[in-house]
Amino acid sequence: MKLSPIIKQLQAETTCFKQIAGTLSDEVLESFVRQKELPAAYVVTLDVDAEFAEVSQYGNSYEQEITEHFGIVIFAASDRRGQTVGDLLDDYRAQIFKAIVGWSPDDDHDPIEFEGGSVQKMTGDRLIYLFEFKTTCTLTTDDTWQQVSYDRLGEFEGMDIDVDVIRHETQKPDGTAEAKLKIDFEKGA
């Protein structure tokens with residue numbers, strides 16, 4: 001899942017953040033975010049889960065449900081007890097929900113759902129809070145190697161059939177084709 005559409009949606013639909021950006025890991029953020037840029041929101045990739053693939057009895061279909069988890073890490077200025085930022089956190093949450101909950105980042109993903117939130121760290125001047133979300137998509141045959149290999153086969157234009165009769169005496173074919181059939185789909189049989 002791409003983070004950019006989520007970041008753009010938050011930038012367009014929220015007014016409470018001085019900075020909205022993304023990162024693949026929230027571990028570097030704490031030293032990166034400056035106090036004067038608060039409150040700030042960073043979209044981060046968290047985890048990806050997949051349900052067992054379903055393969056048809058003929059082996060020609062493949063579907064797998066993928067759940068992609070992401071978070072929005074909030075950095076906010078705080079007093080020592082965190083009382084005032086606690087109230088502000090509720091306002092931040094409300095704006096985030098109105099921006100992305102129920103919204104789909106693209107045609108392949110289902111609407112975003114809220115999963116939870118938790119305090120990550122609180123110091124004397126800063127609160128770091130994580131809101132967690134998820135969205136799902138379906139991996140189909142079109143997304144797999146199976147489809148790539150089918151596409152490389154090209155069109156099925158016809159076939160040649162050689163029939164070697166099994167001899168009654170030996171119960172084996174003798175290696176000589178007694179009948180031949182050529183089918184050309186463009187010209188007919």
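## Close-up views of a predicted model

**Figure 1. Phe133 is a buried residue, with a relative accessible area of 0%.** Keep in mind, here and in every view below, that this is a predicted model. How many aromatic pairs does a search of the whole structure find? The search finds nine. In one of these pairs, the ring centres of Phe70 and Phe133 lie 5.6 Å apart and the planes meet at 20°; planes under 30 degrees apart count as stacked, so this pair is called stacked. Phe70 belongs to strand 4 (residues 62-77) and Phe133 to strand 6 (residues 126-140), so their pairing ties together parts of the chain that are 63 residues apart in sequence. Phe70 also counts as buried, at 0% relative accessibility.

**Figure 2. Six aromatic residues form a cluster through ring pairs: Phe70, Phe97, Phe114, Tyr129, Phe131 and Phe133.** If you have just found Phe70 and Phe133 in the previous view, you can use them as starting points here, as both belong to this cluster. Phe97, another member, has a charged companion: the charged end of Arg93 sits over the Phe97 ring, 5.2 Å from the ring centre.

**Figure 3. The largest nonpolar core of the model brings together 24 residues.** Within this core, the residues with the most contacts are Leu10, Ile72, Ile74, Ile96 and Ile100. Which elements each supply at least two residues of the core? They are helix 1 (4-13), strand 2 (40-50), strand 4, helix 3 (83-100) and strand 6. Helix 3 gives the most, with six residues. A general point helps in reading this view: in soluble globular proteins, nonpolar side chains tend to be buried together.

**Figure 4. Ile72 has contacts with residues from several places along the chain.** Leaving aside neighbours within four places in sequence, which residues is Ile72 in contact with? The list is Leu10, Ala41, Tyr42, Val43, Ile96, Ile100, Tyr129, Leu130, Phe131 and Phe133. Apart from the largest core lies another one, of nine residues, and its members include Val33, Ala40, Tyr42 and Val44.

**Figure 5. Lys182 and Asp160 meet in one salt bridge of the model.** The structure holds five salt bridges. In this one, the side chains of Lys182 and Asp160 come together at 3.4 Å, from N to O. The pair links distant parts of the chain, with Lys182 in strand 8 (residues 179-184) and Asp160 in strand 7 (residues 158-163), 22 residues apart. Are these two residues buried or exposed? Lys182 is exposed, with a relative accessible area of 58%, and Asp160 is exposed too, also at 58%.

**Figure 6. Arg167 takes part in salt bridges with Asp174 and with Glu178.** The bridge from Arg167 to Asp174 spans 2.9 Å, N to O, while the bridge from Arg167 to Glu178 spans 2.5 Å, N to O. Arg167 and Glu178 both lie in the loop between strand 7 and strand 8, so their bridge ties together parts that are 11 residues apart in sequence. Through shared partners, salt bridges join Arg167, Asp174 and Glu178 into one network. Each member counts as partly exposed: Arg167 has a relative accessible area of 28%, Asp174 has 40% and Glu178 has 35%.

**Figure 7. Two backbone details are worth a look: the peptide bond between Leu38 and Pro39, and the phi angle of Gln171.** For background, most residues other than glycine have a negative phi, and most peptide bonds are trans. The bond joining Leu38 and Pro39 is cis, with omega at about 0°. Pro39 has its place in the loop between helix 2 (29-32) and strand 2. Gln171 is not a glycine, yet its phi is positive, at about 60°. You will find Gln171 in the loop between strand 7 and strand 8, where this residue is exposed, with a relative accessible area of 54%.

**Figure 8. Stepping back, the protein chain holds four helices and eight strands.** Following the sequence, their order is α-β-α-β-β-β-α-β-β-α-β-β. Of the 189 residues in the chain, 32% are buried. Among contacts between residues at least 6 apart in sequence, 56% join residues at least 24 apart. The chain exposes about 12,400 Å², and carbon and sulfur atoms supply 49% of that area.

Technical notes: Residues are numbered from 1 along each chain as its sequence is written. This is a predicted model: local features need pLDDT of at least 70, side-chain atom pairs count only at pLDDT 80 or more; totals for chains, interfaces and linings use all residues. Side-chain values use heavy atoms; hydrogens and water are left out. Rings of Phe, Tyr and Trp (its six-membered ring) pair if their centres lie within 6.5 Å; planes under 30 degrees apart count as stacked, over 60 as edge-to-face and the rest as tilted. Buried means under 20% relative accessible area, exposed over 50%, partly exposed in between (1.4 Å probe, protein chains only). A charge sits over a ring if NZ of Lys or CZ of Arg is within 6 Å of the ring centre and within 35 degrees of the ring normal. Contact means heavy atoms within 4.5 Å. Accessible areas come from the Shrake-Rupley method with a 1.4 Å probe; for residues, only the protein chains shown count as cover. A nonpolar core is a set of buried Ala, Val, Leu, Ile, Met, Phe, Trp, Tyr and Cys residues joined through side-chain atoms within 4.5 Å. A salt bridge is a side-chain nitrogen of Lys or Arg within 4 Å of a carboxyl oxygen of Asp or Glu.
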